[in-house]
Amino acid sequence: MKVPGGALTLVITIVPLSNGTYYAALDVPQQHISRMPVEVELKDDNLTLRMEQAGSRFEGKVLAGGSQLSGTWQQPGLKTELTLSRGTAPAAAQATKKLRLTPPYRESEVTFYNPDDKIKLRGTLTLPNGEGPFAAVALLSDSGPQDRDSELQGYRLFGILADYLTRHGMAVLRFDDRGVGKSGGDYARSTTADLVGDAQAAMEFLRSRPNVAASQVGLLGHGEGANVALLAAAAPAPEEVPAFVVSLAGYGQPGRDVLRRQQGEIMRLIGADGGQIKAAQGLYDQLIEAVRQTPNQAAARAKIIALLRGSNTGVDEAMARARATQLTSPWARFFLDFDPATRLPLVRCPTLLLNGTADLQVAAGRNLSVLQHGLHQTHQLVQAHRLAGVNHLFQPDRAQWPIVAGEQQPAFSQEAFNYLRDWLLPYVNQAKAPVPVTVRRAAPRPKPLTPLRSQSRRGVAAAR
């Protein structure tokens, strides 16, 4: 997309869901924007994509059987013609996938069941070579429906993590989110709290495996997945609590505050001025209060549509209705009011907190301190680290990316790998440690019976 002073590469990932709708996300690599939510409206071959956080939208036609989207992009201070072409993973990522050698561990397709919501979930289990037992971890994805690898333009965040952790002695379960890939369920109707059930089902599955140490099963979550892991760690039943939690960019602030900050940061990046940002955030505050103060869905949506149509943002009727539906969804209602700090003192396991200083979605300074403060009240072991120059996807500065097939390929932060390895090593070692066994000695030869009155109490106990 041509902009004053150059051009920007826009990547929009569109995922079909099991209920016939779509989930989409926007990435702008040059501006460090990743997984910005996109609302999708498709009628015949007319497509509208709305990025409310950036005050932007794309309206156009679906052409050539879906291989092209041609239309107009509009954002504060800019309106331009734009054609989006269906892409594939970068050549570097494709080359890596083709050159992938047989890994030094076992990999299998698995199915497990969430009995509370009656959902079958499918995923991949990787096991180190050997009999075990092994420590194990289930990976929980960030907001938005994602596949088991959390893949984005060839960058397989969970695939990379599973490979690294399994090579370092851990069993790893990664799975398709509800309604994605081979998993059942409906993601669009799920809240953060609902996803705790999936996390607990994943742990129960791992504990049932004969080569997994049931007492050394934990959770690793990214973004919203980290908050799902922390909620699971605050479960009232001890048998449901993970052995440990790793939080990659977990939220510490209430959801409505996180989204407000994201909106401001993204609008600054796309060139909006101070007045535009202030106006957008003032409207955001009104919309959120309308949702929070109006439990009735129809009434809440009517208020949101009226606010949006009465603003000076050029929002049309269809866009206002779509925004109203999104803001009153089960996920949004829960997330806007969800304050992680209220649950942190109930967490009952050790926690590792990692957050990058270049993370635009989850500010390290604001969120890490809240998480640390709340978790220190638990008297459980807590470690927290800020990773300089690392973004929300845990990629270091672009200068540190390796070159594959002549292209730089996104890589997971080596510093983050080091913290993960050191933190998880005790659990790996405890799983390997032999379980103490009481050895039965051979019974002594029976002595001649004597009258009971002449036996000592100790002798009677020994005979028994």
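In which sense do β16 and strand β17 pair, and over how many bridges? In this predicted model, where local features need pLDDT of at least 70, side-chain atom pairs count only at pLDDT 80 or more, and totals for chains, interfaces and linings use all residues, β16 and β17 (residues 245-248) pair in the parallel sense over four bridges. Residues are numbered from 1 along each chain as its sequence is written, and side-chain values use heavy atoms, with hydrogens and water left out.

The protein chain has twelve helices and 21 strands, where helices (H or I, at least four residues) and strands (E, at least two) are DSSP runs numbered from the N terminus. Buried residues make up 50% of the 464 residues in the protein chain; buried here means under 20% relative accessible area, exposed over 50%, and partly exposed in between, with a 1.4 Å probe and protein chains only. Of the contacts in the protein chain with a separation of 6 or more, 63% are accounted for by residues 24 or more positions apart, a contact being defined by heavy atoms within 4.5 Å.

An open sheet of eight strands, with mixed pairing, follows the order β10-β11-β15-β12-β16-β17-β18-β19, two strands being paired if DSSP finds at least two bridges between them. Its edge strands are β10 (105-114) and β19 (382-387), each of which pairs on one side only. On average, and with direction ignored, neighbouring strands of this sheet are turned by 20° against each other; axes are lines fitted to C-alpha atoms, for helices over the stretch in contact, and angles run from 0 to 180 degrees between N-to-C directions.

Within this sheet, strand β12 (residues 134-140) runs parallel to β15 (residues 170-175), to which it is joined by four bridges, and Val 137 stands opposite Val 172 in β15. Helix α2 (residues 157-167) packs on the sheet, where it touches β10, β11 (119-128), β12, β15, β16 and β17, and its direction makes about 165° with that of β15. Strand β12 is also joined to β16 by six bridges, again in a parallel arrangement, with Leu 220 in β16 as the bridge partner of Leu 139. Strand β16 (residues 212-222) is itself mostly covered, since nine of its eleven residues are buried.

On the way to β17, Leu 219 has Val 245 as its bridge partner. The chain crosses from β16 through helix α4 (residues 224-233) to β17, and this β-α-β crossover is right-handed, a term that applies if, with the strands pointing away from the viewer, the path from the first strand over the helix to the second runs clockwise. Helix α4 lies across β12, β16, β17 and β18 (351-356), and runs at about 140° to β16. Because ten of the ten residues of α4 are buried, this helix is largely enclosed by the rest of the structure; among the buried residues are Glu 224, Asn 227, Val 228 and Leu 231.

Leu 230 has its place in helix α4 and is buried, with a relative accessible area of 5%. When residues up to four places away in sequence are not counted, Leu 230 touches Val 245, Leu 344, Val 347, Thr 351, Leu 371 and Leu 375. The C-alpha atoms of Leu 230 and Leu 346, which lie 116 residues apart along the chain, are separated by 9.1 Å.

Ahead of β16, Asn 211 is found in the loop between α3 (192-207) and β16. Asn 211 is buried, with a relative accessible area of 14%, and touches Arg 106, Leu 127, Glu 131, Gly 132, Pro 133 and Phe 134, residues up to four places away in sequence not being counted.

Elsewhere in the chain, strand β3 (residues 11-16) and β4 pair in the antiparallel sense over six bridges, with Thr 13 opposite Ala 25 in β4. Strand β4 (residues 22-28) is mostly covered, six of its seven residues being buried.

A helix-helix contact was also examined. The axes of helix α6 (residues 274-293) and helix α9 (residues 330-337) come within 10 Å and cross at roughly 105°, and the two helices are therefore roughly perpendicular to each other, on a scale in which angles under 35 degrees count as roughly parallel, over 145 as roughly antiparallel, 65 to 115 as roughly perpendicular and the rest as oblique. In this contact, Tyr 284, Ile 288, Val 291 and Arg 292 in α6 meet Arg 333, Leu 336 and Asp 337 in α9. By class, the contact has four nonpolar, no polar and three charged residues, where Ala, Val, Leu, Ile, Met, Phe, Trp, Tyr, Cys and Pro count as nonpolar, Asp, Glu, Lys and Arg as charged, and the others, Gly among them, as polar.
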